[in-house]
Amino acid sequence: VQLQASGGGLVQAGGSLRLPCAASGSIFRINDMGWYRQAPGKQRELLATITRDGLTNYADSVKGRFTISRDNAKNTVYLQMNSLQPEDTAVYYCNADLRTSATIGYRNYWGQGTQVTVSS
């Protein structure tokens, strides 16, 4: 199983980016999915989560600016980021709780991270 995050890059303050993260491999079912970020010298921060049924939760730091969504048919989670600011500069990671068969319990998987840099 692999989670592949993409869509990062360099953007000016006030701009937008959309990050997709696709899960691939032997996947039976994906439960909760989420996005985190880690800036240099800081701890990894939870940004947003989404259940299989589409219920979402956001950190206060991104509420109103970021939107998490998912496409269950494509095993993909997205993070739409608007009104980006320099303090949003970080490596962004996706995360998923999934099971690879009906007889194996859920495990937590991480994507490899994608760099987002916001210039002032």
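This passage walks through the fold, the surface, the disulfide and one buried tyrosine of a predicted model.

To start with the overall build, the chain is an all-strand affair by count: 11 strands and 0 helices. Read from the N terminus, the order of elements is simply β-β-β-β-β-β-β-β-β-β-β. The radius of gyration comes out at 14 Å, close to the 14 Å that the globule rule gives for 120 residues, so the chain is as compact as a globular protein of that length. In terms of outline, the C-alpha trace spans about 50 × 25 × 25 Å along its principal axes.

How does the chain split between inside and outside, and how much of it counts as buried? Of its 120 residues, 38% fall into the buried class. The accessible surface adds up to about 6,300 Å², and carbon and sulfur atoms account for 46% of that. As for charge, there are 12 positive and 8 negative side chains, with the centres of the two sets 6 Å apart. Contacts also reach across the sequence: taking those between residues at least 6 apart, 55% join residues at least 24 apart.

Next comes the covalent cross-link. Searching the whole structure turns up 1 disulfide, and the partners are cysteine 21 and cysteine 94, with an S to S distance of 2.0 Å. This bond ties together distant parts of the chain, as cysteine 21 sits in strand 3 (residues 17–24) and cysteine 94 in strand 9 (residues 90–99), 73 residues apart. The link is right-handed, with 55° about the S-S bond. Both cysteine 21 and cysteine 94 are buried.

Strand 9 also holds tyrosine 92. Is this residue buried or exposed? With a relative accessibility of 0%, tyrosine 92 falls under the 20% cut-off and therefore counts as buried. Its surroundings are drawn from several stretches of sequence. Setting aside neighbours within four places, tyrosine 92 is in contact with Leu19, Trp35, Tyr36, Arg37, Leu47, Phe66, Leu79, Met81, Gly113, Thr114 and Val116. One of these partners, Leu19, falls within the residue range of strand 3 (residues 17–24), the strand that carries cysteine 21. Another pairing worth a look involves serine 6: the C-alpha atoms of tyrosine 92 and serine 6 are separated by 9.2 Å, although the two residues are 86 apart along the chain.

Terms used:
Residues numbered from 1 in each chain as written. Predicted model: local features only at pLDDT ≥ 70, side-chain atom pairs only at ≥ 80, totals over all residues. Heavy atoms only, no water. Helix = DSSP H or I, 4+ residues; strand = E, 2+ residues; numbered from the N terminus. Rg over C-alpha atoms; globule rule 2.2 N^0.38 Å. Buried < 20%, exposed > 50% of the residue type's maximum accessible area, 1.4 Å probe, protein only. Contact = heavy atoms within 4.5 Å. Areas by Shrake-Rupley, 256 points an atom, 1.4 Å probe, with all protein chains shown as cover. Lys, Arg positive; Asp, Glu negative; His and termini not counted. Charge placed at Lys NZ, Arg CZ, Asp CG, Glu CD. Disulfide = S-S within 2.5 Å.
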